[in-house]
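Student: Please select a single part of this model and examine it closely. I should then like to see how that part is placed within its chain, and what can be said about the remainder of the complex.

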Amino acid sequence: MSDLNQQMAERYKNNFLKEIEEQAEMGEWVKMCMQCGLCSGSCPTNFHSGWDHPPQEIFMLIRAGKREEVLNAQGMYMCTSCYNCYVRCPRKVPVTHVMHGIAEYAYRIGRAPKNQPTMHLSRTFWNNATKYGRVNEVKLTQSLYFKDGLGAGIKKAMEMQTVALGLVKAGRLNPLEAIGGGHKCKDLKGIHAMLAKANELEAQRKAAKG
Amino acid sequence: MAETKTAAYICKGCELGTRLDTAALAKVATKSGKMNLVREHDFLCSAEGVAMIRDDIDNEGVTHAAICACSRRAKTEAFNFPTVAMSRGNLREGVIWIRPDTEEARETTQEMAEDYVRMACAEVKAMTVPPGNQKTGSVKTLLVVGGGMSGMTSALEASKAGYKVVLVEKSATLGGWAAKLHKRVPTREPFKAPEDNGVADMVARIEADANIKVYLNATIAKTDGAPGRFKVEIAIESGAIAQEDIGAIVQATGFSLYDANKLPEFGYGKTPNVVDQAGLEALAKEAAAAGKPICRPSDGQPVKSVVFVQCAGQRDASGTHLQYCSGFCCNTSIKQAMYFKDSNPDIDTVVLFTDLRTPGNGEDFYRAAQNKGVIFSKGVVSSVAASGNACAVKFKDLILNEETEAQADLVVLATGIVPNSGPDLDQLSEANRQAEGGNEEAKEQVVQLMSKSVLNLTYRQGPDMPQFKHGFNDSHFICFPYETRRTAIYTAGPVRRPMDILQAQEDATGAAMKAIQAMENAGLGKAAHPRAGDLSFPTVRLEGCTQCKRCTVECPFGAIDEDEKRFPLFNESRCRRCGTCMGACPVRVISFENYSVNTVGSQIKAVDVPDEFSEKPRILILACENDAYPALDMAGMNRHEYDPYVRVIPVRCLGSVNTIWITDALNGGYDGVMLMGCKHGEEYQCHFVKGSELGRYRLSKVGDTLKGMNLETERVHDLEVAITDIATLPQKINDYAALIKSFPPSPFKGF
């Protein structure tokens with residue numbers, strides 16, 4: 001994976017803006033930012049400790065060619081997809097999508113941090129949901145709780161037990177799903193075919209960009 | 001002149017008849033007003049009512065009419081009798097509409113109305129019909145000074161309107177700065193690419209225009225006279241003088257670029273690779289002519305990277321450089337960055353800005369540049385250092401909050417503009433004063449300052465247009481952007497404020513129209529803005545004049561010169577009829593036919609001042625007719641009530657208020673005097689620019705008079721009023737009235 005990082009760095013030399021424009025989804029919007037800062041001011045995670053660079057700064061870093069700073073940044077993984085920035089941007093820059101595009105690119109070239117919590121959630125959720133076409137809540141919860149080890153998982157589960165019991169009583173959570181396969185969607189084959197096609201299209205698009 | 005016959009007309013319409021005892025008002029007009037003829041009418045502004053007045057004028061020989069109905073600002077078309085002297089008693093907006101319709105209020109409301117009838121009668125008797133300025137000139141040729149974009153536009157627009165134009169340009173060609181541009185910022189949809197500068201087309205139109213006479217390599221040697229009859233001497237290339245008769249003048253002398261040599265930290269002058277915006281235009285023109293890309297001046301190699309430094313020597317809070325924004329440079333840098341990107345997208349173009357200001361449709365243009373790959377970085381440049389053929393631009397990135405550096409083949413500085421507005425008149429008059437005292441240095445300074453003169457006016461107040469902030473020529477930028485302080489001379493374009501080509505063209509069109517209007521009014525002997533159409537003009541009883549020169553110094557429009565015996569010489573065509581001279585005159589020898597120390601003074605004396613036991617104070621309000629009086633009228637229309645003890649007299653400007661009125665009022669037993677005038681100072685709103693400021697300065701001395709009379713100094717109150725203060729003004733009047741009531745009654749009552 002790090003080979004790809006190396007390859008890309010060499011290919012675009014000092015032109016990180018061009019690299020993002022060509023490689024990251026929606027990256028072509030980075031140049032259109034006019035640095036008003038409305039996105040950063042609108043971001044609900046702005047004051048979160050993990051939020052090192054707000055979107056405005058990420059855009060500026062890219063334009064200043066600061067490849068390492070951007071690829072080491074946490075900011076783009078912290079996006080909660082609330083779309084505040086997207087809606088408010090006076091330049092109609094799809095900030096949310098650009099953030100996801102940059103995060104995805106960093107991941108693709110092996111520069112995403114290990115065990116980054118929001119990335120872990122996304123990947124777990126994706127794998128879980130695409131397996132049967134529906135989310136298996138019990139398994140999803142398990143894998144999230146026990147991410148940092150057995151002790152931490154048990155502790156977290158104990159904290160949340162009243163909520164879990166309430167959900168079970170209300171018929172919203174089936175503990176048996178922990179062992180069984182969980183509920184599936186009606187046309188699992190169709191879903192998988194659809195996802196395969198989407199993957200194929202994306203691979204084509206990326207291949208076209210080199 | 002025919003025998004004087006006075007008449008008062010009392011209207012009973014608009015509820016005046018039910019709210020007031022009009023029979024009693026008619027009696028007041030006869031007894032106190034001493035009017036020869038008094039009539040009441042149910043609906044005075046109706047065709048029938050107007051016909052009644054007209055009949056009295058035609059058949060009864062009425063020469064003076066006091067119309068007691070609504071405000072002087074209402075029904076002006078109905079009550080239009082230009083052959084007789086006329087005053088208006090404001091019973092509607094000034095009395096019944098600002099008083100409650102209650103039994104308790106009836107008495108004070110009636111007293112108020114009776115006073116306004118007395119005042120209208122007193123005023124009209126002190127008036128005569130203005131005959132119009134006889135010393136007029138009817139030249140209808142426009143002089144345009146400066147052949148740049150603004151000047152050419154003014155000339156073409158005036159010609160299109162059917163007027164002859166004389167266009168004087170000091171250089172050898174028309175076009176000014178615009179002609180030096182490779183291309184200009186786009187003026188039409190989709191605002192995405194630079195377009196042709198358009199100069200050649202305009203020059204061709206001017207050359208083909210029979211109405212426009214062009215002097216190239218020429219300057220104005222002397223401007224003498226007044227609107228409608230200026231005599232202008234033009235120094236032409238051969239050294240000869242050409243004389244032109246001119247009606248009005250548009251000064252479109254534009255700007256010079258701020259000298260980049262004053263910015264050594266940015267490397268200008270140290271390396272040829274640092275240029276100002278005009279320098280880049282020259283490079284771009286040269287490259288286009290040679291069919292080559294833009295090249296680095298140091299070694300002639302094509303430029304591969306360029307950095308634009310915005311606000312170089314502009315918006316400088318320290319005061320070392322220009323303090324203002326020049327308005328066009330951001331768009332210009334965007335345009336210049338496109339010169340590079342359009343020829344080769346691989347050229348790195350970085351614009352370093354603190355705030356990108358793109359007036360007009362510049363935002364679209366900015367977006368287009370971003371799309372083309374121009375990089376915009378928010379940063380403040382600290383230095384530009386040259387090493388060999390490259391420049392290192394050190395700057396603070398304001399977004400990332402760090403000191404950083406960019407490398408470039410070429411650096412372009414956006415240095416901004418300095419107006420070509422002629423010498424500063426205050427500086428010049430000070431230098432003149434010292435030179436007269438024999439100071440050799442001052443004599444040289446006078447010569448040096450006069451060499452910058454644009455118009456070389458023979459006016460006593462100086463050879464050029466007065467300046468305002470930062471050396472730009474004064475124009476009424478809040479309310480009337482075209483208005484200047486010299487009648488029929490209009491400044492247009494960047495000489496009066498920073499602006500881009502498009503704004504300058506619009507400005508020049510407006511200035512041409514104002515100039516045409518001024519010429520036409522001058523020909524009819526009428527005043528220009530804001531008393532457009534006014535036929536009155538100031539007259540002076542020279543036998544009483546003490547030659548104190550206050551009128552010549554204070555006139556906001558430089559209308560008054562001095563004759564050879566050092567008496568004031570009024571140039572009526574330059575006069576705007578503000579009355580500042582009249583207010584300034586300590587011996588009160590200046591007056592207008594329909595506005596004088598006496599017209600206001602007699603109104604002040606006409607008011608019935610009850611004795612000190614009646615608990616009915618009297619407060620005089622002298623209200624500026626441009627802002628305060630309309631605001632009071634509108635307060636009436638909105639039925640905002642105010643104190644019944646005030647008596648309002650409109651004045652042409654606070655500057656026309658003579659201190660004798662205040663002294664007279666206080667001596668006559670008034671308990672207080674309130675003055676309402678427009679805002680003055682840096683954000684002045686005075687229609688006569690300096691009038692309210694001069695008036696206030698004069699009135700600041702009135703405290704001594706009050707102390708001499710043993711009265712509280714708060715009894716005279718100066719209030720700044722804008723026309724929009726409709727809702728707040730009544731409260732301010734009431735607060736002041738409450739203050740006056742807290743004082744003991746004036747000891748001067750009954751004398």
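Tutor: The answer starts with one strand and then moves outward to the chains and their contact.

The model is predicted, and the part chosen is strand β19 of chain B, residues 410-413. Which residues of β19(B) lie on each of its two faces? Leu410(B) and Val412(B) are on one side, while Val411(B) and Leu413(B) are on the other. All four are buried, and both faces of the strand are thus covered.

Two strands pair with β19(B). The first to be described is β13 of chain B, residues 274-276, which is joined to β19(B) by three bridges and runs parallel to it. Within this pairing, Val275(B) has Val412(B) as its bridge partner. Strand β14 of chain B, residues 305-309, is also parallel to β19(B), and here four bridges make the connection. In that case Leu410(B) is the bridge partner of Val306(B). Leu410(B) and Val412(B), which share one side of β19(B), therefore each appear in a bridge: Leu410(B) with Val306(B) and Val412(B) with Val275(B).

The nonpolar cores of chain B come next. The largest contains 168 residues, and the members that touch the most others are Ala8(B), Cys68(B) and Ala515(B). Leaving aside residues up to four places away in sequence, Ala515(B) touches Leu142(B), Ala248(B), Ile249(B), Val250(B), Ala488(B) and Tyr490(B). Another core, of 48 residues, lies apart from the largest one, and its members include Val274(B), Phe308(B), Phe353(B) and Ala414(B).

Chain B also meets chain A, with nine residues of each chain in contact with the other. On the side of chain B that touches chain A, two elements give two or more residues: α10(B), residues 362-371, and β16(B), residues 375-387. The largest share, three residues, is supplied by β16(B). The classes on this side of chain B are three nonpolar, three polar and three charged residues.

Chain A has 12 helices and zero strands. Its C-alpha trace spans about 55 × 40 × 35 Å along the principal axes, and 24% of its 210 residues are buried. Of the contacts in chain A with a separation of 6 or more, 60% are between residues 24 or more positions apart. The chain is divided into domain 1, residues 2-112, and domain 2, residues 117-201, with 29 Å between the centres of the two, taken over C-alpha atoms. Helix α11(A), residues 161-169, is hardly covered, as zero of its nine residues are buried. It is followed by Gly171(A), which has a positive phi near 75 degrees.

As to confidence, chain B averages a pLDDT of 95, with 100% of its residues scoring at least 70. Chain A averages 88, with 96% at or above that score. Among the elements of chain A, helix α1(A), residues 2-12, has the lowest mean pLDDT, 84, and helix α6(A), residues 84-88, the highest, 95. For the complex, the predictor gives an ipTM of 0.82 and a pTM of 0.89.

Key: Residues are numbered from 1 along each chain as its sequence is written. Chains are lettered from A and ligands numbered from 1 in the order in which they are written. This is a predicted model: local features need pLDDT of at least 70, side-chain atom pairs count only at pLDDT 80 or more; totals for chains, interfaces and linings use all residues. Two residues are in contact if their C-beta atoms, placed from the backbone, lie within 7 Å. Ala, Val, Leu, Ile, Met, Phe, Trp, Tyr, Cys and Pro count as nonpolar, Asp, Glu, Lys and Arg as charged, and the others, Gly among them, as polar. A nonpolar core is a set of buried Ala, Val, Leu, Ile, Met, Phe, Trp, Tyr and Cys residues joined through C-beta atoms within 7 Å. A residue is buried if 20 or more other C-beta atoms lie within 10 Å of its own, exposed if 12 or fewer, and partly exposed in between; C-beta atoms are placed from the backbone. pLDDT is the predictor's confidence in each residue, from 0 to 100. Domain bounds come from an automatic or database domain assignment. Two strands pair if DSSP finds at least two bridges between them.
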